[in-house]
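I opened this model to look at the ligand and what surrounds it. These are my entries, in the order I made them.

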Amino acid sequence: MPALTLDRLLASIGFGSRKEARALVRMGFVELDGKVLEDPFMEFKERPECITVNGEEVTTQEKLYVMLHKPVDVECSHNPRDHESVYSLLPDRFTAMGIQSVGRLDADSEGLLLLSNQGDFIHRVESPKKGLFKYYRVGLARPFTAEQEAELLKGVMLKDERRPVLAREIRVEGDTVVIAIGEGLYHQVRRMFAAVGNHVVTLKREAIGPVALDETLGKGGWRFLTDSEVASLM
Ligand code: URA
C-alpha cells in the first residue's frame with residue numbers, strides 16, 4: 001500500500017484530486033492540531049481522526065454512514081427535476097466520495113434518510129430479505145377503519161407488482177397511523193393506503209429497523225451514524 005501522504009488523505013475524503021489537494025496545502029488551508037501543514041507529501045503512520053480544511057474541522061473517515069432528516073420538497077436524486085437535491089444538504093465532498101441514499105423518499109415525504117458510500121451497507125439495508133422494517137407515520141384524508149387495517153395486515157395487491165405486500169405492524173396514534181413495511185417499492189405506503197380506499201396526505205419515515213430518526217436534527221439536518229447504529233443495521 002502506498003504511504004498515506006497528506007495529499008492522498010485529503011483526496012480520499014473528497015477534497016478533489018491529489019493535485020487539487022496539494023494546492024490546498026500550499027495555500028495554507030490545511031491544519032492539524034492547530035498547526036498549518038505545509039508539506040503536501042508529509043506521511044502519516046495512522047489516519048488522524050480530524051483535520052481542519054479551510055477553517056472547518058472534518059473527520060477523516062473514508063466510509064460514510066449518515067442520517068439525514070429529509071424535508072419535503074427535496075428530491076433523492078443527484079439530478080433533481082423540480083426541487084433541490086438531498087445531496088445539496090450535505091457537504092460537497094460527500095458527493096465526491098460517492099455517497100448515495102439508501103432507498104428513496106418521495107419529494108413530498110419527510111423523515112429518516114440513510115446515506116452511505118458503502119455498497120454492502122446500502123444493499124443490506126435496502127434488501128427486503130434482511131428483515132429491516134421501515135416505519136412510517138402517515139396522516140390520512142379519511143377516517144382509518146378497522147376493515148382497512150385488517151386488509152393492510154392481510155396484504156394488498158398493488159398494480160404492476162407480482163406479489164401482495166402487507167403491513168408488518170400498524171398502530172393508530174391520535175389522528176396518525178404508524179405502519180411498518182418490509183419492502184421499499186415505489187410509492188409503496190401511498191399505494192397501499194390507496195388500495196384500501198384511503199389517501200395519504202402526510203408521510204414521515206420515523207425509523208429503519210432499530211435506528212430511529214434523531215429528532216434533535218431539524219429538517220435538513222444530518223449527522224454521522226454511531227458505530228453501534230451501523231452495527232445494528234448490519
Ligand atoms: N412510501 C411512499 O409512498 N413514499 C415514500 O416516500 C416512502 C414510502
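**Ligand site**

I sorted the shell around the ligand by class and got four nonpolar, three polar and two charged residues. I note that the model is predicted.

I then listed the residues around the ligand: Leu105, Asp106, Ser109, Tyr136, His187, Gln188, Val189, Arg190 and Leu203.

Next I asked which helix gives the most to this shell. I found that helix α6, residues 188–195, does so with three residues. By domain, the shell draws at least three residues from each of domain 2 (65–127 + 216–233) and domain 3 (133–208).

I went on to the polar atoms. For Ser109, a polar side-chain atom lies 2.8 Å from an oxygen atom of the ligand. For His187, I have a polar backbone atom at 3.2 Å from a ligand oxygen atom. For Val189, a polar backbone atom is 3.1 Å from a nitrogen atom of the ligand.

I also looked up how much of the ligand is covered. On its own the ligand has 240 Å² of accessible area, and the protein covers 96% of this.

Last, I checked the pockets. The largest pocket is the space taken by the ligand.

Notes:
Residues numbered from 1 in each chain as written. Predicted model: local features only at pLDDT ≥ 70, side-chain atom pairs only at ≥ 80, totals over all residues. Heavy atoms only, no water. Near = heavy atom within 4 Å. Polar contact = N/O pair within 3.5 Å; in protein donor to acceptor, adjacent residues only side chain to side chain. Areas by Shrake-Rupley, 256 points an atom, 1.4 Å probe, with all protein chains shown as cover. 1 Å grid on protein atoms, 1.4 Å probe; cavity = no way out; pocket = protein on both sides within 12 Å on 5 of 7 lines; lining within 4 Å. Sits in = over half its atoms within 2 Å of the grid points. Helix = DSSP H or I, 4+ residues; strand = E, 2+ residues; numbered from the N terminus. Nonpolar A, V, L, I, M, F, W, Y, C, P; charged D, E, K, R; others polar. Domains from an automatic or database assignment.
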